[in-house]
Amino acid sequence: MSYDILILGGGPAGLTAALYAKRAGVSVLVLEKTIYGGQVINTPTVENYPGIHTITGVDLAMALHEQVAKLGVEVRMEEPLSLQLDTDPKVVTTARGSYEAKTVIIANGVKRRQLGCPGEERLAGRGVSYCATCDGAFFQGMETAIVGGGNTALEDALFLANQCSTVHLIHRRDAFRGSAILAEAVAKRENIVLHYDTVVEEVLGEDKVTGLRLKQVKTGETKELPVAGVFVAIGLMPDNAFLAGQVELDKAGYIQAGEDCRTSQPGVYAAGDTRTKTVRQIVTAAADGAVAALGAAGVAGTVK
Ligand code: NAP
């Protein structure tokens, strides 16, 4: 099957690109490997998307999908297994077949960073989680911990504090990276206990998480903290190993692309969190989607 624009990723960047591409009158296909919405679905509440006072991440993801589906955009749940981006047409192959396109927009987002300490991998899914909104309900009335100091960790702490008896927020420094408004809300919650200057040395437990071994980095003191669950929210990292040799990546592994979203490969655009950029937000991902789609539509067809 052949399209004007093939979009890899169904998060805010990819779905916004689909919206703009479809409205520009070109043919478009979105391939999403897991679930549409991207990192947004991990966010309990979005309160900084212009024009929307408050919405859950899941509802925003569904609204984005519904908007493009109503326009007739095809979204397929398929994972790109191999890519040929330096040819004309470009070819993307999944387990179900091959797709050709004049242009490709890579909007595959990022993945969650892991702690890398003993016990984490072994107990993943057995008390170690990377998504509080998905797994929080399993820990009703229990004592849990969150690791991280960014907006995700702060939002997750507030979300879990509504259902867990006590939430321990563990951060490696003495100041949060996340926004002041969230940090203030966290400080006001009586059942959130702050552990500053503290790192997780080990996740404890045989078949399920029973606790954490913590180290206070300033004093060197270690202690065990009994918890039934630990939510890791220490940031995001690129997931672009499959693109090596196809487009230029920066040292950290993000796709080299500027505000015009053009990559080193002609006809290939990068939109959203996957590209080199300083601000990774839903609104900047959506903006990239629009820019990339109009750039790609100009290449692929006639913009109406
Ligand atoms: P982030 O902002 O990169 O924060 C990651 C946090 O984890 C930092 O506090 C960092 O510590 C800590 N960290 C990193 N590596 C660590 C390690 N190996 N061990 C222990 N701690 C570690 O990530 P995020 O909170 O997931 O947010 C990602 C992006 O999404 C950000 O741009 C954020 O603003 C955005 N976001 C926005 C909202 C919102 O606006 N409502 C909600 C969620 C996410 P340091 O501070 O010491 O570096």
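## A pocket and a ligand site

The second largest pocket here has a volume of about 160 Å³. Keep in mind that you're looking at a predicted model.

So what lines this pocket? Its walls are built by Pro12, Thr16, Leu19, Tyr20, Tyr49, Ile52, Leu60, Ala63, Leu64, Gln67, Ile282 and Ala286. If you want to find the helices behind that list, look at α1 (12-23), α2 (57-71) and α6 (282-300), the elements that each give two or more residues to the lining. Sort the lining residues by character and you get ten nonpolar, two polar and no charged.

Now turn to the ligand. There are 17 residues around the ligand, and Asn48, Thr152, Glu155, Arg173 and Arg177 come nearest. How do the residues of this shell divide by character? Two are nonpolar, nine are polar and six are charged. Helix α4 (residues 151-161) provides the largest share of the shell, with three residues.

Some atom pairs are worth finding on your screen. Each row below gives the distance from a protein atom to an oxygen atom of the ligand:

| Residue | Protein atom | Distance |
|---|---|---|
| Arg177 | side-chain N or O | 2.7 Å |
| Asn151 | polar side-chain atom | 3.0 Å |
| Gly150 | backbone N or O | 3.4 Å |

And how much of the ligand does the protein bury? Taken alone, the ligand exposes 920 Å², and the protein buries 77% of that.

Key. Residues numbered from 1 in each chain as written. Predicted model: local features only at pLDDT ≥ 70, side-chain atom pairs only at ≥ 80, totals over all residues. Heavy atoms only, no water. Near = heavy atom within 4 Å. Polar contact = N/O pair within 3.5 Å; in protein donor to acceptor, adjacent residues only side chain to side chain. Areas by Shrake-Rupley, 256 points an atom, 1.4 Å probe, with all protein chains shown as cover. Helix = DSSP H or I, 4+ residues; strand = E, 2+ residues; numbered from the N terminus. Nonpolar A, V, L, I, M, F, W, Y, C, P; charged D, E, K, R; others polar. 1 Å grid on protein atoms, 1.4 Å probe; cavity = no way out; pocket = protein on both sides within 12 Å on 5 of 7 lines; lining within 4 Å. Points joined across faces, edges and corners; volume = space filled by probe spheres on them.
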